[in-house]
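Work through the exercises below with the structure open beside you, and try each task before you read its solution.

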Amino acid sequence: MVELMFQASIYVVLGDGNAALFWSDRWLDGQSLMDIAPCLCNTVGPRIRSKHTVAQALQGGQWISDITGALTVQVLLEYLQVWDRLGAIQLGQQPDKICWRWSSDRIFSTASAYRAFFIGQHPIAGAKLIYKTRAPAKCKFVAWLALHDRCWTAHRRKRHNLQDNDDCTFCSQLPETINHLLISCSFTREVWFKIFHRLGWHSHAPGADIISLADWWQGARKQILKEERKCFDTLVLLICWLIWKERNGRIFDRKMRSVDEMLSWVVDESVCWCQAGFKHLESVCSVFGRLAGRELVAG
């Protein structure tokens, strides 16, 4: 794939014809002969295609003797087309110039090559937030899957004919989509509210009308004080991670936590994350009366 991308990204501004390959490079008005006459090119051996330059091929019509395959009607038509186009080619004195298609100065750069891989793609809402938020990689990965709707919820499993029932594991009222599971379910909304209430963010807790994690997250953080946003972002990923773990625990281990137990779990994990270096959660630990640092145990 990388080689194909590279070949599609370069072209040659013809000079003396000593660098451009006649049969394979894009030297004819930004096109290669393979683009213009693929059947004709297939009659030329791969060794010749990778060796003959434009200067060599044009000298005395050498390119004609490179053709050794069967002369079908399509090959003859393409031959005449190439013959007409080559009649206007004049070689110069300057060396051939290899140009990069994806930058204004036609010079290769790693940044332009990276951007070229994503041409035509649309950004996913919330993706930049995940990238900038400080949290363990596994938690950010689950959030990334959630934004792309790639978590194996009951709804997705039913859609792939892997199970018949797609009821939410927590409330058993609505289909278990990832957005419902993380922010819209009555159980998870109570978890969010109780935690945010203690932190003074209760007005920003997700409501029943919220249908998208990314939309709620982006909107809610704008209403949080700027100095508290890093804590808010890390806490959002922490809570989403624990909700997903609780969902899996109920399905695979048959163990259930209440809302209050989920609240205690979030606080315990906040302490652990602070000890691991995610200091933005120190204010959360402080509000809940927990020490963010390591405790010394007397021996």
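**Exercise 1.** Decide whether aspartate 149 is buried, partly exposed or exposed.

Solution. In this predicted model, the relative accessible area of aspartate 149 is 32%. The class called partly exposed lies between under 20%, which is buried, and over 50%, which is exposed, and therefore aspartate 149 is partly exposed. As for its place, aspartate 149 lies in the loop between helix H10 (137-147) and helix H11 (154-159).

**Exercise 2.** Describe what is noteworthy about phi in aspartate 149 and in arginine 106.

Solution. Begin with the general rule that most residues other than glycine have a negative phi. Aspartate 149, although not a glycine, has a positive phi of about 55 degrees. Arginine 106, which is also a residue other than glycine, has a positive phi near 60 degrees. Arginine 106 is found in the loop between strand S2 (97-100) and H8, and with a relative accessibility of 33% it counts as partly exposed.

**Exercise 3.** Work out how helix H13 (residues 186-199) and helix H16 (residues 259-275) are oriented to each other.

Solution. The axes of H13 and H16 come within 9 Å and cross at roughly 50 degrees. Angles under 35 degrees count as roughly parallel and those from 65 to 115 as roughly perpendicular, so H13 and H16 are oblique to each other. The crossing of H13 and H16 is right-handed.

**Exercise 4.** Which residues make the nonpolar surface patch of about 430 Å²?

Solution. The patch is made by Val2, Tyr114, Phe117 and Phe118. Phenylalanine 117 lies in the loop between helix H8 (110-116) and helix H9 (127-132), and its relative accessible area of 37% makes it partly exposed.

Notes: Residues are numbered from 1 along each chain as its sequence is written. This is a predicted model: local features need pLDDT of at least 70, side-chain atom pairs count only at pLDDT 80 or more; totals for chains, interfaces and linings use all residues. Side-chain values use heavy atoms; hydrogens and water are left out. Patches are made of residues with over 30% relative accessible area and no salt bridge: like charges are joined within 9 Å, nonpolar side chains (Val, Leu, Ile, Met, Phe, Trp, Tyr) within 5 Å. Accessible areas come from the Shrake-Rupley method with a 1.4 Å probe; for residues, only the protein chains shown count as cover. A salt bridge is a side-chain nitrogen of Lys or Arg within 4 Å of a carboxyl oxygen of Asp or Glu. Helices (H or I, at least four residues) and strands (E, at least two) are DSSP runs, numbered from the N terminus. Buried means under 20% relative accessible area, exposed over 50%, partly exposed in between (1.4 Å probe, protein chains only). Axes are lines fitted to C-alpha atoms, for helices over the stretch in contact, and angles run from 0 to 180 degrees between N-to-C directions. Angles under 35 degrees count as roughly parallel, over 145 as roughly antiparallel, 65 to 115 as roughly perpendicular and the rest as oblique. A crossing is left-handed if the near helix is turned anticlockwise from the far one by less than a right angle, and right-handed if clockwise.
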